[in-house]
Amino acid sequence: MPVSTTVPVTPDEYKPGATIAVDIDDEDVTVTVVRACMPFTVSQVLIVRTSEPTPTSIDPTPTSILPPNKLVALKIYDPRFTGRRGEKKDGLPVCYPWSAENEAKAASRRQWWQKRDLDSTDAVDGEEYYWREQEDSQLSEVKTYEHLESLQGAGVPRLLGYGYLRCGPSPRRSVVPPVVFLEYIPDATRIYDIDPQLLTPSLVRSLIETVSAFEGLDVSHGDLNAGNVLLSPAKRPTRAVVADFGYAAWREAYEEDADWRKELARRDDVGSLRRLLRNTLGMDDDELSHFASAPDS
Ligand SMILES: Nc1ncnc2c1ncn2[C@@H]1O[C@H](COP(=O)(O)OP(=O)(O)O)[C@@H](O)[C@H]1O
Ligand SMILES: [Mg+2]
């Protein structure tokens, strides 16, 4: 019987104080969990502290590509803990609990499965579905952040690095979950949690400018929901950030102009953002345009 295993509580592996080992560019990096951003939705976002530099006598310069002793956001794409277990999506009753056995079976059939549709009634196919989603999300993030270099550190977080989780021997794993490290947005709150009074015209303008810039950088976000727009700091936000490029699309070099234009129109990032802002502020389109061009009071 399928059991819902949505992840409402922080798994022991991600509790404050736990250490997480990651491989970035063949470098071993260990970070310490400060807190998990619960509940998990697709991936698992943890706020972690990077380690102190450990210069060796042979090479006195710290080698880590992460800044030492700093808070950063670690986004892990581990199908074991995805919050998507328990949801129904695209007709797939994706509520199979994780098991090492199903993960191993899915991995062993992967070659054969390359081009096969998944069977919604099969637990091993369910495992494959989660894994594909996690892997695809990380690839989208890495690719689109590269395109968005000019917005990093302002309208989108800075991408600090990416690599793979180093899993221990138990439980036995058959996949190697990918990860990204992002700039930590301090005291970030999602736009749906904020008092609309705190959403100033300049914050609204900066969001519209950020999202309007995606098209020229050959990116479409595609998932501008209220959980993916962050404001910082929560009490009196001065920075608005678009997060979560897990469903983003980027233009491939070979892609025809007409096809890419169609994709942009279908995803309509600016339209989605304006809808989100209108709902948050309780305004119609004209009122929003007027508000966005006003000075902050
Ligand atoms: N760079 C960041 N700094 C601080 N908090 C973050 C950062 N990125 C994500 N978060 C927190 O984690 C939550 C989930 O992040 P998101 O990228 O949307 O992951 P998912 O793909 O799982 O939806 C966000 O709503 C936010 O609360
Ligand atoms: Mg999200």
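Which loop is the place of Asp 26? Select Asp 26 and you land between β1 (19-24) and β2 (27-36). Bear in mind as you go that this is a predicted model.

**Stop 1: the loop at Asp 26**

Check the backbone here: Asp 26 is not a glycine, yet its phi is positive, at about 65 degrees. Most residues other than glycine have a negative phi. Now show what surrounds the residue. Asp 26 has 6 other C-beta atoms within 10 Å, so it is exposed.

**Stop 2: zoom out**

Colour the protein chain by secondary structure and you should find seven helices and 13 strands. The chain has 297 residues, of which 34% are buried. If you draw the contacts between residues at least 6 apart in sequence, 68% of them join residues at least 24 apart.

**Stop 3: ligand 1**

Next, select ligand 1 and the residues around it. The shell holds 19 residues, and the closest are Cys 37, Val 45, Ala 73, Ile 185 and Asp 244. Colour that shell by class to see eleven nonpolar, five polar and three charged residues. Then colour by domain: domain 1 (12-183) and domain 2 (189-292) each supply at least three residues of the shell.

**Stop 4: Tyr 164 and its partners**

Go to strand β7 (residues 159-165) and pick Tyr 164. Buried or partly exposed, how does Tyr 164 count? With 17 C-beta neighbours inside 10 Å, Tyr 164 is partly exposed, because being buried takes 20 or more.

Leave out the neighbours within four places in sequence, and the contacts of Tyr 164 are Val 22, Asp 23, Val 176, Pro 177, Pro 178 and Val 179. Try a distance on one of these: from the C-alpha of Tyr 164 to that of Val 176 is 6.5 Å, with the two residues twelve apart along the chain.

**Stop 5: two cis peptide bonds**

Follow the chain out of β7 into the loop that leads to β8 (178-183), where Pro 171 sits. The bond joining Ser 170 and Pro 171 is cis, with omega about -5 degrees.

For another cis bond, jump to the loop between β11 (229-232) and β12 (239-242) and select Pro 233. The peptide bond from Ser 232 to Pro 233 has omega near -10 degrees. Most peptide bonds are trans.

**Stop 6: α5 and the turn into α6**

Select α5 (257-267). This helix is hardly covered: one of its eleven residues is buried. Right after α5 comes Asp 268, in the loop between α5 and α6. Phi of Asp 268 is positive, near 40 degrees, and again the residue is not glycine. Asp 268 has 14 C-beta neighbours inside 10 Å, so it counts as partly exposed.

**Stop 7: down the axis of α6**

Finish on helix α6 (residues 269-281). From first C-alpha to last, its 13 residues reach 18 Å, close to the 18 Å expected at 1.5 Å a residue. Highlight Asp 269, Leu 273, Arg 274 and Leu 277, the buried residues of α6. Where do they fall when seen down the helix axis? The buried residues of α6 lie within an arc of 130 degrees, so they line one face of the helix.

To see what covers those buried residues, turn on the neighbouring elements, including α4 (201-216), β10 (219-220), α5 and α7 (285-292). Last pick: Gly 282, which follows α6 and has a positive phi near 65 degrees.

Methods. Residues numbered from 1 in each chain as written. Chains lettered and ligands numbered in written order. Predicted model: local features only at pLDDT ≥ 70, side-chain atom pairs only at ≥ 80, totals over all residues. Near = placed C-beta within 6 Å. Nonpolar A, V, L, I, M, F, W, Y, C, P; charged D, E, K, R; others polar. Domains from an automatic or database assignment. Helix = DSSP H or I, 4+ residues; strand = E, 2+ residues; numbered from the N terminus. Expected span 1.5 Å × (residues − 1). Buried ≥ 20, exposed ≤ 12 C-beta atoms within 10 Å, placed from the backbone. Arc of directions from axis to C-beta. Contact = placed C-beta atoms within 7 Å.
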